[in-house]
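The following exercises concern a single protein model. Each task is followed by a solution in steps.

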Amino acid sequence: MNEITTIIVYSFFSGITVFFGGLISRSCERLREGILKEEFIHATVAFGGGILIAAVALVLTPPAIAELNLWWLGIIFLSGGFFFFI
C-alpha cells in the first residue's frame, strides 16, 4: 500500500468514528429518562475520557520524557489534568 492510500485509509477509519458516535447518540435519545440513560451517558463520557488520556500518555508523553526532567513532566501532566478538571 502506498503512502497516500495509507493516509486515506487511516483518515477514513478515524473519521468514521464520528458517524458511529452520532448513531449511538441518536439511539441514546430514544431511551427513557432515568437511571439507564444516565448510566449510558456516564459510561460513554468515561470511555471517551479514557481514550483521550491514553492518547496523551502514549503519544505525547514519550517525546516529553526525552526533553524534560521526570519531575517536571509529572508536575506538568498533573497540573494539566487538574486545570482540565476545573
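**Exercise 1.** State in which helix Lys37 is placed, and decide whether Lys37 is buried or exposed.

*Solution.* In this predicted model, Lys37 has its place in helix α2. Its relative accessibility is 16%. Buried means under 20% relative accessible area, so Lys37 counts as buried. As to position, Lys37 and Val9 are 28 residues apart in sequence, and their C-alpha atoms lie 34 Å apart in space.

**Exercise 2.** Classify Leu52 by its accessibility, and give the distance in space between the C-alpha atoms of Leu52 and Val9.

*Solution.* Leu52 is found in helix α2. The relative accessible area of Leu52 is 58%. Exposed means over 50%, therefore Leu52 is exposed. Along the chain, Leu52 and Val9 are 43 residues apart, while a separation of 22 Å is found between their C-alpha atoms.

**Exercise 3.** Determine how α1 and α2 are packed against each other: what are the angle, the axis distance and the handedness of the crossing?

*Solution.* Two packed helices are described by the angle between their axes and by the distance between those axes. For α1 and α2, the angle is about 160° and the axes are 10 Å apart. Angles over 145 degrees count as roughly antiparallel, so α1 is roughly antiparallel to α2. The crossing in which α1 passes α2 is left-handed.

**Exercise 4.** Describe the largest pocket: what is its volume, which residues line it, and which helix gives the most to the lining?

*Solution.* Rolling a probe the size of a water molecule over the atoms shows where empty space is left. The largest pocket holds about 280 Å³ of space. Its lining is formed by Gly49, Leu52, Ile53, Val56, Ile76, Phe77, Gly80, Gly81 and Phe84. The elements that each give two or more residues to this lining are α2, residues 35-67, and α3. The most comes from α3, with 5 residues. Sorted by class, the lining of the largest pocket has 6 nonpolar and 3 polar residues, with no charged ones.

**Exercise 5.** Ile76 is one of the residues lining the largest pocket. Decide to which accessibility class Ile76 belongs.

*Solution.* Ile76 lies in helix α3, which covers residues 70-85. The relative accessible area of Ile76 is 45%. Because this value falls between the cut-offs of 20% and 50%, Ile76 is partly exposed. Ile76 and Cys28 are 48 residues apart in sequence, and from C-alpha to C-alpha they are 36 Å apart in space.

**Exercise 6.** Give the corresponding description of the second largest pocket: its volume, its lining and the classes of its lining residues.

*Solution.* About 150 Å³ of space lies in the second largest pocket. The residues that line it are Thr17, Phe20, Gly21, Ile24, Thr44 and Phe47. Two or more residues each are given to this lining by α1, residues 3-29, and by α2. The largest share, 4 residues, comes from α1. By class, the lining of the second largest pocket has 3 nonpolar residues, 3 polar residues and no charged residues.

Technical notes:
Residues are numbered from 1 along each chain as its sequence is written. This is a predicted model: local features need pLDDT of at least 70, side-chain atom pairs count only at pLDDT 80 or more; totals for chains, interfaces and linings use all residues. Side-chain values use heavy atoms; hydrogens and water are left out. Buried means under 20% relative accessible area, exposed over 50%, partly exposed in between (1.4 Å probe, protein chains only). On a 1 Å grid over the protein atoms alone, a cavity is a set of points where a 1.4 Å probe fits but cannot get out, and a pocket is an open set with protein on both sides within 12 Å along at least five of seven lines; lining residues have an atom within 4 Å of a point. Grid points are joined across faces, edges and corners, and a volume is the space filled by probe spheres set on the points. Ala, Val, Leu, Ile, Met, Phe, Trp, Tyr, Cys and Pro count as nonpolar, Asp, Glu, Lys and Arg as charged, and the others, Gly among them, as polar. Axes are lines fitted to C-alpha atoms, for helices over the stretch in contact, and angles run from 0 to 180 degrees between N-to-C directions. Angles under 35 degrees count as roughly parallel, over 145 as roughly antiparallel, 65 to 115 as roughly perpendicular and the rest as oblique. A crossing is left-handed if the near helix is turned anticlockwise from the far one by less than a right angle, and right-handed if clockwise.
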